[in-house]
Structure formats: structure tokens, C-alpha cells
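Visitor: I would like to know how the words used for a structure are earned. Please show it, and I will ask about the terms one by one.

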Amino acid sequence: MLQVQGLTKIFGGLKAVDNASLEVGEGRIVALIGPNGAGKTTLFACIAGFHPVNAGRVSFLGQDITGLPVHQIARRGMVRTFQITQPFAKLSVHETIAVGAYQRFPDRREAWAHAERVAQQVGMGAMLDQPAADLTVAGRKRLELARTLATGPKLLLLDEVMAGLNPSEIVEIVEIVRRIRASGVTVLLIEHVMQAVMSLSEHIYVLSYGRIIADGAPREVVNDPAVIEAYLGRGAAEGMAAHPGAPTQEAAHA
Amino acid sequence: MSAPTARQAWLLHGSLLAVALVFPFVFSSSFAVNFGVMALFYAFIGQSWNIAGGFAGQLSFGHVVFFGAGAYASTILQMRFGFSPWLGLPASALAGALVGWVIAFLSFRAGLKGSYFALITLAFAEVLRIVANSVEITGGGLGMLIPAKRSAANFQFPERIGFYFLILALTVASIAVAVWLKHSRFGAQLAAIRENEDAARALGIDVYTEKVKVMILSGAMCGVGGCFFAQYFLYIDPIIVFGVDKSVEMLLVSMIGGAGTVYGPLIGAVLLAGISDATRALTDVQGLSLVLYGTLLVVIIAFLPNGLIDLFQRWGRRRRHPAEKGGA
């Protein structure tokens, strides 16, 4: 569904993303992980058209979309959320989700009805009339997910929707993401909460200093020496080989 | 924020319209009717600012550029080419729309936002003022005097009440546009752009095109205001129709009444016209009304940042939910 080949993004003298390639198959949940500053959000922004790329190709549903404006990519069905939430502060929850729904249903009645359905889907059915500005962090993340979902995406790019949430809120959001996938939406997510990554994703890419250093099934990836080194530093992999068990836990919580 | 129901909204529209319709018959003095005309005139051009500045968040400091374009387009057509002044109405809408499109094209292509956009509109207004001051077809700094030939066919109603009903019709139309924006996809997209352009773009909204569209709409409305002004006062010159005063008045009536709301400009306009008439009747001090108005603006920004309409909305909420004190 999504193919990224040799994507490179340079900011001044810094290669934020260096020759990164990845692939997301239809109907899957794929995760992109990596230490802070690895370039995950930049890679997301490049895929969704927010930054022009210096090299590489992004294709979606078999068509080259490199360099297309953001709104055109979104209309083709690939829609992102933001790591730092970007609320429509003066709009209510219902109005916010309706903005997304209008992209799919030009008619007001249908758009508002669809927005209400989506709100219920993400557990915001009781908050429809609340102003977006009054929501908690968890509420804002959820609202951002909801308005994105309301556009009827084929591929959702979720940028740290669980950051800043408490454990019970994380469990809820994991459940919501599962339901979204079950409804036929493919998901690519950036996440630091390893508990969620491990339980949700079928395939993981690991980004470090702008490069994809590993990819594979979740269990394989967290035991990959290169990945452990990227998170815990040089020598950590050998130490782990000597004392199997404990450091894996540590890596899993990094 | 519990929104009023559709029935309550229609009740409000209907009763306001009824009041406006009987006003000139109840208060038929020429002073009162003139007050009505000016209040509606400010409500109309304030609404045109509000469409761009309030609904779409594209704050303009030089909205007068559309106003002047409309005023000159209709007056030049009439005076230099002998067209009926009634043709001035569509012509001025076209002129305002065209100027709106050009300014939007140039500034949004260049990515100008917020205060930069506000300043560029001011610059455009100044440029057109200087052009109007120096070319022959506009009459230069002397302006253009439209000879008085009082007849409705000549767009010069023998009685003020004719102007009153014309500007009432225009204001009703502008409020209808605002209501439509509140309830349409276009309006929802504009609200999203106003609140957060990046997020709007991420959802698939073509931010550039929507912003150009709203400037064309707002420019066309403001241009019609210019045409009305020229026909009501029968005189225009560059300072009157391209001066910064009118820009400020348009933005003030919206912000004092409540920017981004349907009735904000009307509330602000009634107040502006009222203060202006009251100070003129009671004192000889020139420009006192704007001093008072400026003071009022400071007080409102400090205590009612959403405009005077917030008072009415709070009151409405309290009536609907007597238990909750003060509202959400």
C-alpha cells in the first residue's frame, strides 16, 4: 500500500533522514520506533508531504506521490496525526470531527451524523459539545485521532498518539487502534510506549540517526543487537548476551 | 456551548427583521432614518470584513481597498461612460472580487499569514489611494461629485427610506451569507483554517484555494458597500474611500460586536452609529465618537474578548439552563 524508497531529508548540514526505505502492506499495523531525535517525525512529515524530500520516492496505492501537496495526499487516503496536538481550539468536539467528516460527506447532515459515529467509535460520544480547548491531553489526542479518522482514510499515520497518557488510557487507545484496523484501515504508527508497540504491531522498523537499522517481527527486533545498541549504547548487546533476560525488559521499556 | 436550536435561531432572525422593517415607520424623522441607514451600512461592510477576518481568520487592515474599488468602479462607469448607476451594483461586486482575487493570489502564494497579511492589505489600500489620487479618470484628489438627480431609477431615492430598504436588503443578504458559512462545508473548512492551517491541510483541505475563495467573496461584498456609499453621499475622493478610517471601522464593528459570529457586526455597527450620532448631537468635538469607540474597544478586549455578543450568549445560556450559574 505504501512504499518508501531511499528517502533522504537534509536540514542544513544535518541528514535528518538518510536513505530510508520501508513498506506497509494493506490491512497491517506497522510501527516505526527509534530513540529520541532519530528522525521519525521528520520521516512521517516527508511521507505525508509536509516537507519536500531531497531524494527518494514515496508511492501510495501504486502511484508516485512524492512532492504532491499535503491536501492531495490526504484526499488519496493517507492522513497523519501530529505528535504535538494541533487542536481547532475554538471549535467543539463535534465541530472538529465534522471538519474531517466534511472531506467525505459534503452534505452537512451526513457530515455531522458521521462525526457523531466516529466520536462514539473513539469513546468521545459524551463530549460532543465540549470545546476542544477544554480537553485533557488524552482527550486532545483522541480528538485528533477522531477528526483524522472521520476523513475516511485508507492509511493512518499516527505520530505518538499514546505519549503523555496514563496506563489505563493507553490500554483504551490500543483497543481503539485495533478496532480501527479491524474496520479496514491500515496503520503506520510512531510510538515510544513499547508495551503498545509490542502488542499492536506486526512489523517494526527501527530508525536511528535517520537510518533504518533493523526491521522485522516485534520479538526479533527487540532482541536485535543493533537495536539494543541504538537504545542503550555500545556494549549493551554483549552484556545482554552474557545475562539474557533482564536487559530485554529494559530495552522493552526504553 | 449549547447552540440555540434551529427554531430559536429562526425566531431571532425573524424578529430582528421585523424590527428593522417597522423601524423607519415608527421613527420616521430624517435623523432617525439616517441613523438606521448608517447602522446597516456599517453592519454590511463590517460583515464583509467578518467573513474574511472573523470566519476565516484572515485579518485585514486594509479592507477599504475593496470598498474603494467598488466605489470607483460604479462611479466611473456612471460618470465617464454613462451607464446606469444601478449597473454599479454588480460592477462594484466584480471590482471588489477582482481586487480580492489579486491580493489573495499574491499574498497567499507568497505564504503571507497573520500580521504580515494584515500589513500587505494595508499597503495595497495605500497604493490604490495614491493611484486614485494621481490618475485622471478618478478625478484625482478632487474626487468625483455625482450630480443630484433624485429618482429611484437613478439610484437616488427621493426619500431616505429608499436607501434604508436597499441597505437593509444588502445587510440581510450578508447575514444570510454568514448563516450559510456557519452551516456549510465551506464555513467549516474556513474555521479549520482559522484555527490551525497545518491541521486543516493534513485533513485534506486545500488551504490556499479556500483562502482565495473567501477573499473573493469578502471583496465582492465590500465592493458593493462602496457603491452604496457613493450613491448615498454622491461624492467620493481617494481619502474617503481608500483611507484607513473605513478599514478600521469595519474591523472595529466586527471585533466589538464579536468576530466570527453572525450578528457581531450588526451589534457593533448599531453601537458605532449610535455613539457617532450621540456625540455629534451633544458636543462640537470632532472625532470624539472614535475616541469613545476606541476606549470601548479596550474595555471589550479586556473583559469580553469574544465581543459584546458574548453577553447575549451568556444570558441566553443562563435562561436555558437556570441551574448552572454563569455558563460553561
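Visitor: Among contacts in chain A between residues at least 6 apart in sequence, what percentage join residues at least 24 apart?

Guide: The share is 62%. Two residues are in contact if their C-beta atoms, placed from the backbone, lie within 7 Å. In chain B, residues 24 or more positions apart account for 75% of the contacts with a separation of 6 or more. This is a predicted model, in which local features need pLDDT of at least 70 and side-chain atom pairs count only at pLDDT 80 or more, while totals for chains, interfaces and linings use all residues. Residues are numbered from 1 along each chain as its sequence is written, and chains are lettered from A and ligands numbered from 1 in the order in which they are written.

Visitor: What makes chain A as compact as a globular protein of its length?

Guide: The test is the radius of gyration, taken over C-alpha atoms, set against the globule rule of 2.2 Å times the number of residues to the power 0.38. For 254 residues the rule gives 18 Å, and chain A has 19 Å, which is close, so chain A counts as compact in this sense. Along the principal axes, its C-alpha atoms fill a box of roughly 60 × 40 × 30 Å.

Visitor: How do you know what the rule says of chain B?

Guide: With 328 residues, a compact globule would have a radius of gyration near 20 Å, and the 20 Å of chain B agrees with that. The C-alpha trace of chain B spans about 65 × 50 × 35 Å along its principal axes.

Visitor: What helices and strands are there in chain A?

Guide: Chain A has 11 helices and 10 strands, while chain B has 14 helices and two strands. Helices (H or I, at least four residues) and strands (E, at least two) are DSSP runs, numbered from the N terminus.

Visitor: Why is A:Glu160 called buried?

Guide: A residue is buried if 20 or more other C-beta atoms lie within 10 Å of its own, exposed if 12 or fewer, and partly exposed in between, with C-beta atoms placed from the backbone. A:Glu160 has 21 C-beta neighbours inside 10 Å, so it counts as buried. This residue lies in the loop between strand 7 (155-159) and helix 6 (167-182) of chain A. Its phi is near 50°, a positive value in a residue other than glycine. Most residues other than glycine have a negative phi.

Visitor: Why is A:Leu61 called partly exposed?

Guide: A:Leu61 has 14 other C-beta atoms within 10 Å, so it falls in the range between buried and exposed. A:Leu61 is found in the loop between strand 4 (55-60) and strand 5 of chain A, and its phi, near 55°, is positive too.

Visitor: How do you know that strand 3 of chain A is mostly covered?

Guide: Strand 3 (residues 29-33) has five residues, and five of them are buried. A:Ile29, A:Ala31 and A:Ile33 point one way, and A:Val30 and A:Leu32 the other way.

Visitor: What makes strand 3 and strand 8 of chain A a pair?

Guide: Two strands pair if DSSP finds at least two bridges between them. Strand 3 and strand 8 (residues 186-190) of chain A have four bridges, in the parallel sense, so the requirement of at least two is met. In this pair, A:Ala31 stands opposite A:Leu189. Strand 3 of chain A also pairs with strand 9 (residues 203-208) in the parallel sense over four bridges, and there A:Ile33 stands opposite A:Val206.

Visitor: What makes strand 2 of chain A an edge strand?

Guide: Strand 2 (14-24) belongs to an open sheet of four strands with the order 2-1-4-5 and antiparallel pairing. Strand 2 and strand 5 (63-64) of chain A are the edge strands, as each pairs on one side only. Seven bridges join strand 1 (residues 2-11) to strand 2 of chain A.

Visitor: Which residues touch the most other members of the largest nonpolar core?

Guide: A nonpolar core is a set of buried Ala, Val, Leu, Ile, Met, Phe, Trp, Tyr and Cys residues joined through C-beta atoms within 7 Å. In the largest one, of 168 residues, A:Ala146, A:Leu157, A:Val206, B:Ile167 and B:Ala192 touch the most other members. Helix 2 (residues 30-55) of chain B gives the most to this core, with 13 residues.
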